[in-house]
Amino acid sequence: MLELLENCTDVAEKALRMVISENPDHQLTGNANYWPGETYYVRGDYKNAAITFAQGVKNYPQSGKAPDNMMKLGMALAAMDQVPDACTAFAEVGKRYPQASDTLKDRVVKEQRRNGCK
């Protein structure tokens with residue numbers, strides 16, 4: 001069953017990459033960019049997750065997924081024991097995205113506490 005799930009996430013990641021490359025200027029491309037990062041994250045590939053989330057922050061700063069990208073960047077960095085950088089990413093969520101949902105902001109606070117951010 002785990003193998004099937006892993007194959008599904010691999011297929012999903014490739015399909016999303018194709019959508020992104022074929023529609024670079026579409027209004028939902030920033031949202032689509034988030035999901036390959038999520039597939040890397042759930043597979044424990046934190047390096048590629050961090051790269052993808054960072055690209056989402058950089059390339060799609062106005063996307064509805066931009067705050068999620070920043071938070072998940074922090075989570076991926078924390079998973080790689082880069083806690084100071086993770087804490088910086090978590091702090092940036094509130095600075096760059098004051099309009100982020102309360103749910104996301106609450107999750108950021110939990111991640112900051114979990115990682116001992118000041």
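Start with helix α6 (residues 102-114) and select E111 and R114, which are about one helical turn apart because three residues separate them in that helix. Helices here are DSSP runs of H or I of at least four residues, strands are E runs of at least two, and both are numbered from the N terminus. Show the side chains: E111 and R114 form a salt bridge at 2.8 Å, N to O. The term salt bridge stands for a side-chain nitrogen of Lys or Arg within 4 Å of a carboxyl oxygen of Asp or Glu.

Is E111 buried or exposed? E111 is buried, at a relative accessible area of 8%, whereas R114 is exposed at 56%. The cut-offs are under 20% relative accessible area for buried and over 50% for exposed, with partly exposed in between (1.4 Å probe, protein chains only).

The model is predicted: local features need pLDDT of at least 70 and side-chain atom pairs count only at pLDDT 80 or more, while totals for chains, interfaces and linings use all residues. Residues are numbered from 1 along each chain as its sequence is written, and side-chain values use heavy atoms, with hydrogens and water left out.

**Whole chain**

Zoom out and colour by secondary structure. The protein has six helices and zero strands, in the order α-α-α-α-α-α along the sequence. Of its 118 residues, 42% count as buried. Contact means heavy atoms within 4.5 Å. Among contacts between residues at least 6 apart in sequence, 51% join residues at least 24 apart. The whole structure holds four salt bridges, and the E111 to R114 pair is one of the salt bridges found.

**α5 against α6**

Keep α6 on screen and add α5. The two helices pack at an angle of about 155°, with their axes 10 Å apart. Axes are lines fitted to C-alpha atoms, for helices over the stretch in contact, and angles run from 0 to 180 degrees between N-to-C directions. α5 and α6 are therefore roughly antiparallel. Angles over 145 degrees count as roughly antiparallel, under 35 as roughly parallel, 65 to 115 as roughly perpendicular and the rest as oblique.

The crossing of α5 and α6 is left-handed, a label used if the near helix is turned anticlockwise from the far one by less than a right angle, with right-handed for clockwise. To see the contact, select F90, A91 and V93 in α5 together with L104, V108, E111 and Q112 in α6. By class, this contact has five nonpolar, one polar and one charged residues. Ala, Val, Leu, Ile, Met, Phe, Trp, Tyr, Cys and Pro count as nonpolar, Asp, Glu, Lys and Arg as charged, and the others, Gly among them, as polar.

**Salt bridges in α5**

Stay on α5 and select E92, K95 and R96, which a network of salt bridges links. E92 meets K95 at 3.9 Å, N to O, and meets R96 at 3.0 Å, N to O. E92 and K95 are about one helical turn apart because they are three residues apart in α5. E92 and R96 are four residues apart in that helix, also about one turn. K95 is exposed, at 61% relative accessibility, while R96 is partly exposed, with a relative accessible area of 45%.

**α4 against α5**

Hide α6 and show α4 (residues 66-79) with α5 (residues 83-96): their axes come within 7 Å and cross at roughly 165°. This pair is therefore roughly antiparallel, and its crossing is left-handed. On the α4 side, select P67, M70, M71, L73, G74, M75, L77 and A78; on the α5 side, D85, A86, A89, F90, E92, V93 and R96. The residues of this contact divide into eleven nonpolar, one polar and three charged.

**P67 and K65**

Now centre on P67 in helix α4. P67 is buried, at 5% relative accessibility. Leaving aside neighbours within four places in sequence, P67 is in contact with V93, Y97, A100 and L104. The C-alpha atom of P67 lies 9.6 Å from that of G56, eleven residues apart along the chain.

The last stop is K65, in the loop between α3 (46-59) and α4. Is K65 buried or exposed? K65 is buried, with a relative accessible area of 15%. Which residues does K65 touch, not counting residues up to four places away in sequence? They are G30, N31, Y34 and W35. The C-alpha atoms of K65 and Y34 are 6.7 Å apart, with their positions 31 residues apart along the chain.
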